[in-house]
Structures are given as structure tokens and as C-alpha cells.
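Open the model in your viewer and keep the sequence panel beside it. The tour starts at one residue and moves outward from there.

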Amino acid sequence: MLIVMGVNWVRQRVPGWVAGLISGTLPALAFPAPAWWWLAWVGVVPLLLVVRAAPTPWAGAVRGWWGLGGFIATSQYWLISSVGPLLVLLAVGLGALWLPWGCVVHRLLSGPMTFGRTAAALVVVPSVWVAAEAVRSWPSLGGPWALLGGSQWNQPVTLASASLGGVWLTSLLVVAVNTAVASALVARGPARFVALGGAVACAGLGPVWYLLGPAPTAGPPIRVALVQTGVIDDAAAREAAGEVITATVAGQRPDLVVWGESSVGQDLTTHPEVLARLVELSRRVGADLLVNVDAPAPGGGIYKAAVLVGEHGAQGSYRKTRLVPFGEYVPLRPILGGITRHSKAAAVDRRRGPGPVVLHAGHLAIGPLISYETTFSDLARRDALLGAELLVYQSSTSTFQGSWAQPQLAGQPAVRAVEVGRPAVHVGLSGDSSAFDPRGRRLAWCPSDFRGVVVVSVPLGSTATLYQRLGDWVPLTSVVVLAGFFSYGLLGRRRMRASVTDCVDE
């Protein structure tokens with residue numbers, strides 16, 4: 001009997017889990033490499049309908065869990081080379097953050113779609129999604145990779161909402177449109193018009209702000225050389241390749257030359273001959289070089305450091321503050337350290353730097369950030385508040401060469417540029433490299449198979465965006481909405497129980 005009951009239990013639930021898993025993978029196609037940005041605006045609808053069709057709120061929550069686990073595993077499939085089978089556990093663990101979202105979707109969409117219920121769904125469902133994204137974005141949980149709003153990186157018109165509330169607001173609007181479309185499919189009468197009106201309003205906010213909002217003040221353009229050497233395992237050969245490529249721009253008058261992450265494999269203070277070569281190279285090309293050192297420091301420990309080198313020597317440096325879990329350090333190494341034997345996880349933990357730094361190449365104020373830090377909105381905002389005129393990102397994704405990881409990372413500077421109203425450039429050691437103006441419009445793109453240097457003219461326009469002034473107000477508001485919704489539901493249950501008790505007493 002128990003076996004029969006178990007088989008029936010599985011048969012009843014597994015189809016819903018599979019449907020959730022499959023439908024949850026669809027939004028991943030909105031990100032590079034497919035980059036079907038438009039899919040983000042409707043790609044969550046199938047998952048919403050699958051969750052709505054669940055028999056109970058808990059069953060809906062589990063379907064949402066499976067769906068977001070599938071999304072995370074698909075959008076970050078390339079992590080399999082560094083974390084191995086832990087990718088499945090990562091997807092399952094992070095997907096669980098959307099359990100409340102699945103429960104809310106079922107409660108609001110499974111019943112009759114009245115005017116009030118539809119309006120509540122358009123506010124609460126996207127708020128719970130953003131709250132889950134905010135928790136998932138904690139550095140210790142892997143950081144904010146593939147936030148749904150980031151899928152709009154190549155559409156400056158729809159991405160304009162990020163200047164108001166960061167990528168969080170763009171995510172909220174995208175989920176709101178999906179919720180409105182799903183509601184319109186199942187609603188009747190006035191509720192359908194509410195859903196359609198909500199979809200138009202949310203989808204139109206970005207374009208309206210792009211057209212009517214304040215444009216960045218025009219500034220003088222600067223010429224930035226992006227050096228992409230390709231995959232070279234030997235550190236000395238990699239550095240030599242960077243020197244050879246950089247020397248070719250001597251007649252093009254760049255204002256700044258940027259190399260990728262880990263482009264120099266020796267500490268410049270303990271190897272003065274390497275620094276001397278870079279100083280001479282800077283003198284020849286007539287521009288400062290922003291290189292990246294990955295080497296043991298004199299005081300001990302290995303740091304990832306952006307170092308600005310000019311004709312008079314090293315002019316300042318920035319040490320990476322947020323490290324990649326497993327890629328640059330292994331959390332709980334005494335327990336999980338064995339994974340290094342079966343994957344490309346870091347054999348030695350890197351160290352964290354002390355904090356933000358703005359470097360000055362002549363009159364140009366640079367906000368340097370490194371690789372994984374490209375995905376964090378608060379770091380770009382921090383540098384903008386410190387006076388950075390140009391955001392400069394250096395990365396090395398050679399471990400994931402040819403995968404979706406490279407274009408995914410190269411697209412993120414567009415989001416950061418719009419959030420803080422500053423131009424941004426990104427140089428990948430082996431690809432992809434990119435450059436964007438303050439409105440997120442693409443200025444240059446070097447795919448992973450490119451080898452050489454591109455000199456791009458970058459306008460230095462800037463504006464004090466609402467996101468720069470207020471910070472992460474959208475996720476905070478989302479948490480308040482989530483707390484309010486569940487508090488209201490709990491209060492409603494207590495009132496119902498009190499009414500039943502009163503009836504019994506009478």
C-alpha cells in the first residue's frame with residue numbers, strides 16, 4: 001500500500017516539476033550568447049501559468065523552485081568546469097529563494113482574477129521576485145549574475161529605467177509585464193483591462209524616460225585602447241604579447257591603454273625590471289597603461305590588482321575587494337577544499353583589497369573594478385560618488401573560453417553605465433571586450449576570437465542619476481511589499497479564525 005501511495009505521489013507531482021524546470025529555462029535565452037532580449041518580457045509567462053495550475057500553494061512554490069533552479073543552471077551552465085557537480089546543488093539552493101514567489105503567484109493568480117487581485121499581482125509578484133534576486137546577489141551566495149533586468153543590456157531604450165532604480169527596477173518592470181500578460185490570459189472583464197494597462201505602463205516606463213529624462217551632459221571624448229591578447233597560459237609570454245600589441249597604437253594617440261585581468265604575472269614592486277619595461281612602453285605610446293597584476297605581494301598573499309603605470313612609474317593601484325567563490329577562493333576550504341581535485345576551483349585563496357580607489361590618468365578620473373565586480377551595481381555607484389568619470393573593468397574568463405560567460409560579463413558594463421550615468425569600458429584578457437557610453441549605447445565590441453587592440457572614442461558625458469543618489473531603494477521597497485503581503489495574509493487568517501470561533505460560541 002505504501003509503495004502504491006508513493007508511486008501515485010510521484011506521478012501527481014513530477015509532471016509539474018518537469019514543466020516548471022523546462023519553462024524556467026526560457027528566460028536564460030534572453031541573455032548572451034542568444035541575447036534574445038525581447039524574450040525576457042514574455043519568457044516568464046509559461047512558468048507563471050505552470051505555477052498557477054498547481055493544486056496547492058506549496059505545490060506552486062515547489063514548481064517555482066524547480067523553474068528558477070533550471071534558470072540558474074542554464075544561464076550559468078559554464079560553471080560546471082570550475083565547481084563540477086556542485087552546480088546542481090548551487091541551482092537547487094539558489095532556486096529555493098523563489099519558494100515565496102511561487103507561493104504568492106499561486107495565491108494571486110489561481111483564484112478568480114478580480115480587479116483588486118489583478119492589481120495586487122502586478123505589485124506583489126514582481127516585488128517578491130526582486131527580493132529573491134537581492135538575497136541571491138549577496139557575494140557569499142555567488143553574486144548578482146544574470147539578474148533578469150540585465151537581459152536588457154543591449155537595448156538602451158528599455159534599459160533606461162536602470163537610471164531610476166538600478167537593474168532592480170528593470171527586473172521589477174520585466175516581471176510585472178510577464179505577470180500582466182499571464183493575468184490577461186486568464187482574466188475576464190475589467191481585470192483583463194487592468195492587466196493590459198499594467199503591461200503597457202511597465203513596458204513603457206524605460207522608453208519614456210529615455211526620451212524625456214535628462215540626458216548626460218556632453219563632455220570631451222577620450223581615446224581608450226582595449227588590448228585583448230587571447231589565451232596564453234605562460235605569464236611571461238602573456239605579458240610580452242600585451243607589450244607587443246600595445247606598441248602598435250603608438251601613432252594613434254590614445255589617452256589610456258587598458259589590459260585585461262591577470263595580464264602581468266609578477267609583482268611590480270619586487271620586479272623593477274618589469275615596471276621599467278611598462279614605463280618605457282607608456283612613454284612610447286604617449287598614454288598611461290592600466291595593467292592587472294596577479295602575483296604574490298611582498299607582504300604575503302596573492303591579490304588581483306589594477307595598477308596604473310605612466311611615464312614616471314606606478315601611479316596608483318586598486319586591489320579587488322569581491323572575490324569569486326570557488327574561482328578565487330573556496331568557501332569553507334577545510335570542508336569543501338577537496339573540490340579542487342576534480343575541478344578548476346582555486347587551489348590557493350586570493351586576498352581582498354582594503355576598499356575603493358579612484359585613479360587619475362592625467363586629468364581623467366578612473367574607477368577601476370575587476371572581473372566579477374562588473375556585476376555589482378553598488379560598486380559602480382560607489383566609484384561614481386567618489387568622482388570617477390570613467391568606469392574601467394578588467395576581466396579574465398579564459399577558464400570559460402568560448403562559453404556564454406564571456407559575452408554575459410561583457411554586456412554588464414552597459415547596465416552599470418546607465419545606472420550611474422558614466423561611460424564604461426571592459427577589457428577581457430581573452431574576450432569579450434566592450435565599451436559603452438553613459439546611456440548604455442555600444443561603442444565597441446571585441447568577440448572572444450579577436451586578438452589585438454581596438455582604440456575607441458569614449459564620450460565623457462555624465463549625469464547624477466536617481467539610482468546614484470538613492471541607491472538600492474527598489475529591493476528595499478520590495479522587501480517591505482513582501483512583508484506587508486504576508487502580514488496581511490496572516491492577519492486575514494486570524495480574523496477568519498476569530499469569526500469561526502464567534503460563530504461557534506453563539
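Select Gly-260 in this predicted model. Gly-260 sits in the loop that links strand 2 (256–258) to helix 12 (272–285). Is Gly-260 buried or exposed? Its relative accessibility is 1%, and because buried means under 20%, Gly-260 counts as buried.

Next, show what surrounds it. Leaving aside residues up to four places away in sequence, Gly-260 touches Val-227, Asn-292, Gln-394, Ser-395, Val-427, Gly-428 and Leu-429. For a point elsewhere in the chain, pick Leu-148: from Gly-260 it is 112 residues away in sequence and 27 Å away in space, C-alpha to C-alpha.

Two of the residues touched by Gly-260, Gln-394 and Ser-395, lead to the next stop. Select strand 8, residues 390–395. Of its 6 residues, 6 are buried. In a regular strand, side chains alternate between the two faces of the sheet. Turn on the side chains of strand 8: Leu-390, Val-392 and Gln-394 point one way, while Leu-391, Tyr-393 and Ser-395 point the other way. Residues on both sides are buried.

Now add strand 7, residues 364–370. Strand 7 and strand 8 run parallel and are joined by 5 bridges. To check one pairing, select Gly-367, whose bridge partner in strand 8 is Leu-391.

Move on to strand 10 (residues 433–436) and strand 11 (residues 442–446). This pair is antiparallel, with 4 bridges. Ser-433 has Cys-446 as its bridge partner in strand 11. Between the strands of this hairpin are 5 residues, and there Gly-440 adopts a positive phi near 85°.

Finally, zoom out to the whole chain. How many helices and strands does the chain have? It contains 17 helices and 12 strands. The C-alpha trace spans about 90 × 55 × 40 Å along its principal axes. The radius of gyration is 25 Å, which agrees with the value near 23 Å for a compact globule of 506 residues.

Colour by burial next: buried residues are 55% of the 506. Among contacts with a separation of 6 or more, 70% are between residues 24 or more positions apart. With the surface displayed, the chain exposes about 20900 Å², of which carbon and sulfur atoms supply 65%. As a last selection, take the charged residues: there are 38 positive and 27 negative charges, and their mean positions lie 11 Å apart.

Note on methods
Residues numbered from 1 in each chain as written. Predicted model: local features only at pLDDT ≥ 70, side-chain atom pairs only at ≥ 80, totals over all residues. Heavy atoms only, no water. Helix = DSSP H or I, 4+ residues; strand = E, 2+ residues; numbered from the N terminus. Buried < 20%, exposed > 50% of the residue type's maximum accessible area, 1.4 Å probe, protein only. Contact = heavy atoms within 4.5 Å. Rg over C-alpha atoms; globule rule 2.2 N^0.38 Å. Areas by Shrake-Rupley, 256 points an atom, 1.4 Å probe, with all protein chains shown as cover. Lys, Arg positive; Asp, Glu negative; His and termini not counted. Charge placed at Lys NZ, Arg CZ, Asp CG, Glu CD. Pairing = 2+ DSSP bridges.
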